[in-house]
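Let's take a friendly walk through the interior of this model, from one well-packed side chain outwards. Please have the viewer open as you read.

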Amino acid sequence: MLILEVLLKLKSKQGDITASFVHADVEEGENIYVEMPCGFRKQGKVLKLKKTLYGLRQSPRAFWLYPTKKMNLCGMEQSTLDPCLFIGEKVICICYVDDLIFWAMDEADIDTLVNQLIAAGVSLEQKSDAAGFLGIMEIDQATGLMKMKQTGLIDWVIKTLGLDLGTISGKFTPAEAKPLVKDADDEPALGKFSYSSVVGMLLYLAGHTRPDIAYAVNCCARYMFYPKRSHELALKRIGRYLKATRDRGLVLNPSKLLKLDCYPDADFSGLYGHKNPSDPSCVKSRTRFVIIVADCPVLWQSKLQTETALSTMEAEIVALAHSCHKLFPTIDMVMLLGTKVGLPLKETTMNVSIPEDNAGALVPAETLTPKFTPRSKHYAIKTIWFLEQIVKRKIKLINIETVEQLGDLFTKGLTQVTFEYLSRKLLGW
């Protein structure tokens, strides 16, 4: 929706349902009794609830049914793809617990819907726009671009790591080129900061506005329960990189065409040879992918595969299948929203492609009757599953050069030149 807001210059507003859990009715046939409060007691009497209260196990579900019914009364239809999405004739609304964000071409349409909800009994308080609700966005009035930054969280990370002194220089990349390993024989961590707390903050940062640190943070997160000194230094390197790029973030500069691109990739047994070969985790391959809508990244991931791939082709197939789990629902959502806001969704403009720099992985994935080899038959089920969807959805598999693979940002530590080139293509800076 933020991409569509920039692309179509949509108006947005935020609303908040006050005292949310006390509005929903207790379900019919359910009897809940509470003691009478002090100052209002009668001997041998209790109160029977008509509305839910905070603390009841059924309150969250009962409250969710409450705004859903009110939205339906006001002509807002709940999406079958996402129950938090409501689509009306002129307004689109996303509901997150008791917070609602509205989008429309005309702000007057949002005000009309809000007034209808209030008339229906919803205690709704209007606030700022979507940028004010999220607190991480700013819109450049000159260019119309939306910049998503979390400078406050970055400052807190830098301070927690003790890097707020002016004498500590920044870094050009968040991770070294070599992998971060377990280091069982390394010296223990100094413990001057909470390792798990910093990792938690960095995971939140990497998942929202800074995909460039996703790989480095995932590597550090693997050693939260028993970190070594080398892991603390890896965290500090991320902090020094963030210090050098404090004012940077995710720049939403969508293209005119509503298209989807998915960049899956895999690093086959990336830790093998760098750590104890008897450790089973050293032979795990890494899956990474990034999904881009209208040239803006919307979803990315970097994680070790749960199964052990026996070849580079198998590792790529596993990554391809895993990325499809996220790609297919994204396609459906983009088509639904694009149709609603009036974007032309012709087959030539809805360009969904999966670039793949491993040519061997394309062999069993290009035809509906896969061309399996004796070494690829054991993962045939996984291949046939996503192949059926690729053919059905007319997704194009494109073989690209490795230097253009944006997924490399999420797979391994890169040199400064390669890292800056891919970051510029993905983040816009």
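Setting aside neighbours within four places in sequence, Ile238 is in contact (heavy atoms within 4.5 Å) with Pro174, Leu202, Ile213, Ala216, Val217 and Cys220. This is a predicted model, where local features need pLDDT of at least 70, side-chain atom pairs count only at pLDDT 80 or more, and totals for chains, interfaces and linings use all residues. Residues are numbered from 1 along each chain as its sequence is written, and side-chain values use heavy atoms, leaving out hydrogens and water.

Ile238 also belongs to the largest nonpolar core, a set of buried Ala, Val, Leu, Ile, Met, Phe, Trp, Tyr and Cys residues joined through side-chain atoms within 4.5 Å. Buried here means under 20% relative accessible area with a 1.4 Å probe, protein chains only. Helix H9 (residues 312–341) gives the most to this core, with 10 residues. The two cores compare as follows.

| Core | Size | Residues among its members |
|---|---|---|
| Largest | 87 residues | Leu202, Ile213, Leu235, Ile238, Leu242 |
| Second, separate | 22 residues | Cys95, Phe102, Leu113, Val122 |

Now to helix H7. Helices (H or I, at least four residues) and strands (E, at least two) are DSSP runs, numbered from the N terminus. In H7 (residues 214–221), 7 of the 8 residues are buried, so this helix is largely enclosed by the rest of the structure. Those buried residues pack against helices H6 (195–208) and H8 (229–244) and strands S13 (286–293) and S14 (296–304).

S13 and S14 run antiparallel, joined by 8 bridges. They form a hairpin with 2 residues between them, and Ala294 in the turn has a positive phi of about 55°.

Note on methods: Buried means under 20% relative accessible area, exposed over 50%, partly exposed in between (1.4 Å probe, protein chains only). Two strands pair if DSSP finds at least two bridges between them.
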